[in-house]
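Me: I'd like to walk through this little protein with you, one question at a time. Could you show it to me before we start?

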Amino acid sequence: METVKLSQIVEKLAPELSPFLTKRELDISIVLRDGLSLLEPADAMEIVQHSICNQQREALLQ
């Protein structure tokens, strides 16, 4: 297992998404079961989508 920031995933696999994410979103810690080296671009997109949804849900609850 490896813990990385969402920004690391985006930089490596989907840099075109970076301008659309907030600093807070990019700073989210993500735990990867198999590590960053085994991630595919489709995995990165799914992680970004779930991270944004979770951030929005937390903002609504506050």
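**A walk through the fold**

Reply: Happy to! Ser51 lies in helix α3, which spans residues 41-61; helices are DSSP runs of H or I with at least four residues, strands are E runs of at least two, and both are numbered from the N terminus. Please keep in mind that this is a predicted model, where local features need pLDDT of at least 70, side-chain atom pairs count only at pLDDT 80 or more, and totals for chains, interfaces and linings use all residues. Residues are numbered from 1 along each chain as its sequence is written, and side-chain values use heavy atoms, with hydrogens and water left out.

Me: Is Ser51 buried or exposed?
Reply: Buried means under 20% relative accessible area, exposed means over 50%, and partly exposed is in between (1.4 Å probe, protein chains only). Ser51 has a relative accessibility of 6%, so the verdict is buried.

Me: Which residues does Ser51 touch, not counting those up to four places away in sequence?
Reply: A contact here means heavy atoms within 4.5 Å. With residues up to four places away set aside, Ser51 touches Leu6, Ile28 and Ile30.

Me: What pattern does the protein follow along the sequence?
Reply: The parts are three helices and two strands. Read along the sequence, they give the pattern β-α-α-β-α.

Me: Which residues of helix α1 are buried, and within what arc do they fall?
Reply: Helix α1 covers residues 6-13, and its buried residues are Leu6, Ser7, Ile9, Val10 and Leu13. They line one face of the helix, because seen down the axis of α1 they fall within an arc of 160°. That arc is the one of the directions from the helix axis to the C-beta atoms. As background, an α-helix has 3.6 residues a turn, so residues three or four places apart point the same way.

Me: How does Lys12 sit in helix α1, and which residues is it in contact with beyond its neighbours within four places?
Reply: Lys12 is found in helix α1. With a relative accessible area of 46%, Lys12 is partly exposed. Leaving aside neighbours within four places in sequence, Lys12 is in contact with Leu36 and Ser37.

Me: Where is Leu26, and which residues is it in contact with beyond four places in sequence?
Reply: Leu26 belongs to helix α2, residues 23-26. Its relative accessible area is 17%, so Leu26 is buried. Once neighbours within four places are left aside, Leu26 is in contact with Lys5, Leu6, Ser7, Val10, Ser18 and Leu21.

Me: Which residues does Val48 touch, and how far is its C-alpha atom from that of Leu13?
Reply: Val48 lies in helix α3 and is buried, with a relative accessible area of 7%. Not counting residues up to four places away, Val48 touches Leu6, Val10, Leu17 and Leu21. Although Val48 and Leu13 are 35 residues apart along the chain, their C-alpha atoms are separated by 11 Å.

Me: What share of contacts between residues at least 6 apart joins residues at least 24 apart?
Reply: The Val48–Leu13 pair, 35 residues apart along the chain, gave us one separation. For the protein, among contacts between residues at least 6 apart in sequence, the share joining residues at least 24 apart is 68%.

Me: What is the radius of gyration of the protein?
Reply: The radius is taken over C-alpha atoms, and the globule rule is 2.2 Å times the number of residues to the power 0.38. With 62 residues, a compact globule would be near 11 Å, and the protein agrees with that, at 11 Å.
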